[in-house]
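Me: I would like to take a close look at one part of this model. Could you walk me through it in plain words, and then show me a few other places worth finding on the screen?

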Amino acid sequence: MIPKSKDFHRRIMWYPAIQSCECTAPATLLNSLINLSQTICSYRCKFFGSNKRNAIKSIRQIGILLTFFEELQDQKSEEFSDSTVLVLSELHLIFQKILFLLEDCALEGARLLMLMKSEVIANRFRVLIRSIALALEILPLDSMDVSIDVLEYVELVTKQARRANFEIDREDEEILNEVKSILSLFDSGVVPENSQIKRVLDYIGVKSWSLCNKEVKFLDSEIEFEWSNQDKTELPFLSNLMGLMNYCRCMLFGAVDSEVVRHVDQCSNKMIDCLNPDDFRCPISLDFMFDPVTLATGQTYDRSSIQKWFRAANLTCPNTGERLKNKELVPNLALRRIIRQYCSKNSIPFPESSKQKPNLTRTIASGSPTVEKIIGFLVNFLAKFLESGTLEEKNRAAFEIKFLSKASLFYRYCLVEVGLIPNLLNLLRSRDTLTQKNAIAAVLNLSKHSKSKKVIAENRGLEAIVDVLETGYRVEARQFAAGALFYMASIEEYRKLIGEIPNALSGLLNLLKDEADRSKKNAMVAIYGLLMHSGNHRKVLSAGAVPLLVDLIETSDSEILISDSMEILATLAGKPEGAASILRSGALNSIVGFLNSCSSIAGREYSVSLLVALCVNGGSEVIGVIAKNQTVISSVYSVVSEGTSRGKKKASSLIRVLQEFTELESSSSEANHLRQDRIVQAW
């Protein structure tokens, strides 16, 4: 009757309760109502950062009604009157909304926002509990065979619910005003006392770095949702809260949870490994949901699939068959983020439509003048730690810069403007493995900013990055270094400079030999970026890239990595010496085999581009080998019909070359036959 919370993703303060169907058996309805009541009562032991009294009061009243429902189970459900079934159905709907409300009040990550919405939440409790009273008033208690004590309890609940005064808790109001005061101080250019901010965090139960980080992530997802809507009135409010929690995370917790420091990415990956990818598939199309949206029934579908369903004049939920009261589609951001992480971990392409691309306005804009001042104070503190702090403080500053620089372009801009990059680059040579890893991760994120590239290059940052790539203590540090080189290589001048640094290419090729797919991926994108400078072609060939890339094609199980290898080889094959090196490696049959077996259109396009370059620079011998493969033409034709405009041109060129070769071979064969016939006739 109601989706299980662990399987259901919804936006906070959005309560898609499901009205029970008229055909639902009374016994089934009653059992579901009892299960709901028991779940609600289990929230007695939960921590509520705000609206605690209202939550406990609601749970208490539903606990009393649970006794009543359990006694009703002893009666024959067929004897229930229509009015009794109607009341049970209405209570079932109300209890779902109460459960959603309790989930939100107890949700880790949403505590600050729920505190700031205390008045709205209190009003929702009041409306829902009074709705219970209205439903109970029409319940025919006199005709029910339950004990007098239970009847009295029900009547008591009805009276209490009718006159219950669900107001914002006095303590909630005090702490809420404290938050407003803190934001006002920041807005006035004054840094509040840490004790004042700590009082707020203690009240809502945010007592560790990881809990504070959950608040930041949650508020970021709410801001992302607001940017997807036309009405952005909540943006300044949410941006202020997120800026405050970023400040708290960096400045108020003396130590980061040790597990988080060591395994912040690994823990996430382990969680992803435990997920069943079938749960990511749209019930309609059975494809991965790259843009999951949730209906009022609580069911989730891919946006394109459910929109096609609606365009076909269907007004029901495909899974439940329930008629929809509205066609509202709520983006399921939590599920989308999980699917994106799964795809990234397993090298599955995650397409970005125009609607799904990150909103650059969102990431560039600060959100409000207040958050500009909050982040301004924060980045100045971090810059001081990098300049004159202890090793522990410098490591902590690099760790926080890594997180901030990943969050938005605005944060990156603030970090670059404060001038901390030179001191951050100094940490790349630190002998402390964790400090080096955090510093290079921060440099990687900052290298995405246009202004920071120049600052990095002018402070000998390219050499420092290559040094980490070659001798970094951890493989993660070397992966980050390769990623940083990729972003630096987006500037022509720096592509050339990187190619001239000793050990830059050898470092990338050593990383390409690493077992981790992430190492191979980062190494290849960096190599590809360097090849955009023609002077680096011969250097890449001399460093021995071709044998490694060919070996990857022949041994890797990852279609994405093989496709990336094809793309690099296609670039190298554009010059005669590159094509010769590839052909000497004996990779031609493997390339054709991948073209025929590849499931992605991008992989087939890269394969076609590589084959075209090999035909141009390898001559008829290469063309002959390709033409002998009976299935290659159909694979190339698939690129003509499904590929990009560039891919279609390459595929058409390859088809034309193969057809001309086949026709020439046929005419040569006919000429040979004619010659043989003449010889026979002469005899």
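How are helix 5 and helix 6 oriented to each other?

Reply: Happy to help! First, how to read this. This is a predicted model: local features need pLDDT of at least 70, side-chain atom pairs count only at pLDDT 80 or more, and totals for chains, interfaces and linings use all residues. Residues are numbered from 1 along each chain as its sequence is written, and side-chain values use heavy atoms, leaving out hydrogens and water.

Now your pair. Helix 5 covers residues 118–137 and helix 6 covers residues 148–163. (Helices are DSSP runs of H or I with at least four residues, strands are runs of E with at least two, and both are numbered from the N terminus.) The two helices pack at an angle of about 135°, and their axes are 8 Å apart. The axes are lines fitted to C-alpha atoms, for helices over the stretch in contact, with angles from 0 to 180 degrees between N-to-C directions. Helix 5 and helix 6 are therefore oblique to each other; angles under 35 degrees count as roughly parallel, over 145 as roughly antiparallel, 65 to 115 as roughly perpendicular, and the rest as oblique.

Which residues meet there? On helix 5 they are Ile129, Arg130, Ala133, Leu136 and Glu137, and on helix 6 they are Val154, Val157, Thr158, Ala161 and Arg162. Contact here means heavy atoms within 4.5 Å. By type, the residues of this contact are six nonpolar, one polar and three charged. (Ala, Val, Leu, Ile, Met, Phe, Trp, Tyr, Cys and Pro count as nonpolar, Asp, Glu, Lys and Arg as charged, and the others, Gly among them, as polar.)

Another oblique pair is helix 31 (residues 601–618) with helix 32 (residues 620–628): their axes come within 6 Å and cross at roughly 140°, which makes helix 31 oblique to helix 32. Here Leu611, Leu614, Cys615 and Gly618 of helix 31 meet Ser620, Glu621, Val622, Ile623 and Ile626 of helix 32. The residues of this contact divide into six nonpolar, two polar and one charged.

Next, try Met114, which sits in helix 4 (residues 111–116). Met114 is buried, with a relative accessible area of 1%. (Buried is under 20% relative accessible area, exposed over 50% and partly exposed in between, with a 1.4 Å probe and protein chains only.) Neighbours within four places in sequence aside, Met114 touches Ile12, Met13, Ser50, Asp104, Cys105 and Ile121. The C-alpha atoms of Met114 and Met13 are separated by 9.2 Å, although the two residues are 101 residues apart along the chain. Met13 belongs to the segment before helix 1 (26–41), and it is buried too, with a relative accessible area of 19%. Met13 is not a glycine, yet its phi is positive, about 60°.

Arg460 also has a positive phi without being a glycine, near 55°. Look for Arg460 in the loop between helix 20 (450–458) and helix 21 (461–471). Arg460 is exposed, with a relative accessible area of 55%.

Last, find the open sheet: three strands in the order 2-1-3, with antiparallel pairing. Strand 2 (300–302) and strand 3 (330–331) are at the edges with a single partner strand each, so one side of each has no neighbour in the sheet. Strand 1 (residues 292–294) pairs with strand 2 over three bridges; pairing requires DSSP to find at least two bridges between the strands. Helix 12 (residues 303–311) lies across strand 1, strand 2 and strand 3, at about 95° to strand 2.
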